[in-house]
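I'm opening a fresh page for this one. My plan is to look up a few spots one by one and jot down what I find.

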Amino acid sequence: MNIRIATDHDREDIKRIYSSAFPKGEREIVTKLAVELLSEKTIPKTISLIAEVDDVVVGHIAFSPVRIDDSDHCRAYILAPLAVQADCQRRRIGSMLIEYGLRQLSVAEINIVFVYGDPKYYGRFGFDAETARNYIAPCELQYPFGWQAVVLKECSGRGAPSTITCVRSLCDPELW
Ligand SMILES: CC(C)(COP(=O)(O)OP(=O)(O)OC[C@H]1O[C@@H](n2cnc3c(N)ncnc32)[C@H](O)[C@@H]1OP(=O)(O)O)[C@@H](O)C(=O)NCCC(=O)NCCS
């Protein structure tokens, strides 16, 4: 398996993956997010990664920067979205995309990475709800237990809860 940076040319493959991985009703909004993040201009940059097997795109993940209000010294990202083509799941492709992305962010000295998803899955990679407890998600959460974070590099927090601000593509309350 090969992991590389996604480009605009991967748009159709990304749509195909999300259509196969998510049920109707959910797939539209998540696909829109994955595609929009390809052209989201941010500093630091938004990272979209593609997993390929035999030159066929089989997985996608994105990490976009988030701002922790009143905490400029603490650098953070959020993992969203993630999908592996339906007939390629359970071959560790999702795991490898997450691990690869977290390694890149670690090298870039990012302090903390957030995710909103199933704790049973993301717990495998060190994400937990306790770490995210003091950070207020950008929108009201339908499943508060899914709000998690992993610390890559310690940064001293204020102790008081801080609000997270995310990129434009993620600011749709329907995603949360
Ligand atoms: C979630 C997803 C990305 C995992 O990718 P993958 O390549 O299949 O995952 P891996 O092979 O690395 O890991 C598979 C393991 O994760 C578990 N798993 C997969 N999805 C899970 C979920 N939603 N909750 C809990 N466990 C999950 C599997 O049971 C499997 O466990 P096992 O190896 O002990 O049997 C993929 O299943 C997918 O695209 N699902 C639909 C979209 C989705 O839910 N995306 C995540 C949004 S939060």
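I started with Tyr100 and found its place in helix 3. Helices here are DSSP runs of H or I with at least four residues, strands are runs of E with at least two, and both are numbered from the N terminus. Is Tyr100 buried or exposed? Neither label fits: Tyr100 counts as partly exposed because its relative accessibility is 25%, and the cut-offs are under 20% for buried and over 50% for exposed, with partly exposed in between (1.4 Å probe, protein chains only). I also checked Tyr100 against Cys139: they are 39 residues apart in sequence and 27 Å apart in space, C-alpha to C-alpha.

A note to self on what I'm looking at: this is a predicted model, where local features need pLDDT of at least 70 and side-chain atom pairs count only at pLDDT 80 or more, while totals for chains, interfaces and linings use all residues. Residues are numbered from 1 along each chain as its sequence is written, and side-chain values use heavy atoms, with hydrogens and water left out.

Next entry, Thr163. I found Thr163 in strand 8, residues 162-165. Thr163 is partly exposed, since its relative accessible area is 32%. Which residue did I pair with Thr163? I picked Asp69, which is 94 residues away along the chain, yet the two C-alpha atoms are separated by 5.5 Å.

Then I went to the ligand. I counted 18 residues around the ligand, and Val84, Arg90, Arg92, Gly94 and Ser95 come nearest; being near takes a heavy atom within 4 Å. By type, I get eight nonpolar, four polar and six charged residues in that shell. For that sorting, Ala, Val, Leu, Ile, Met, Phe, Trp, Tyr, Cys and Pro are nonpolar, Asp, Glu, Lys and Arg are charged, and the others, Gly among them, are polar.

I looked for polar contacts too (N or O pairs within 3.5 Å). A polar backbone atom of Gly94 is 2.8 Å from an oxygen atom of the ligand. For a polar backbone atom of Ile93, the distance to a ligand oxygen is 3.4 Å. On the side-chain side, an N or O atom of Tyr121 is 3.3 Å from an oxygen atom of the ligand. How much of the ligand does the protein bury? Taken alone the ligand exposes 870 Å², and the protein buries 70% of that. Strand 4 (76-84), helix 3 (93-107) and helix 4 (119-122) are the elements that give two or more residues to the shell.

Now the backbone oddities. Most residues other than glycine have a negative phi, and most peptide bonds are trans. I found a cis peptide bond from Ile43 to Pro44, with omega near -5°. Pro44 lies in the loop between helix 2 (27-38) and strand 2 (47-53). Another cis bond runs from Ala80 to Pro81, with omega near -10°, and I placed Pro81 in strand 4.

Where did I see positive phi outside glycine? Asp54 has phi near 50° and belongs to the loop between strand 2 and strand 3 (56-68). Asp54 counts as exposed because its relative accessibility is 72%. Glu109 has a positive phi as well, about 60°, and I found Glu109 in the loop between helix 3 and strand 5 (112-116). Glu109 counts as partly exposed, at 47% relative accessibility.

How values were computed: A polar contact is a pair of N or O atoms within 3.5 Å; within protein, one must be able to donate a hydrogen and the other to accept it, and residues adjacent in sequence count only if both atoms are side-chain atoms. Accessible areas come from the Shrake-Rupley method with a 1.4 Å probe; for residues, only the protein chains shown count as cover.
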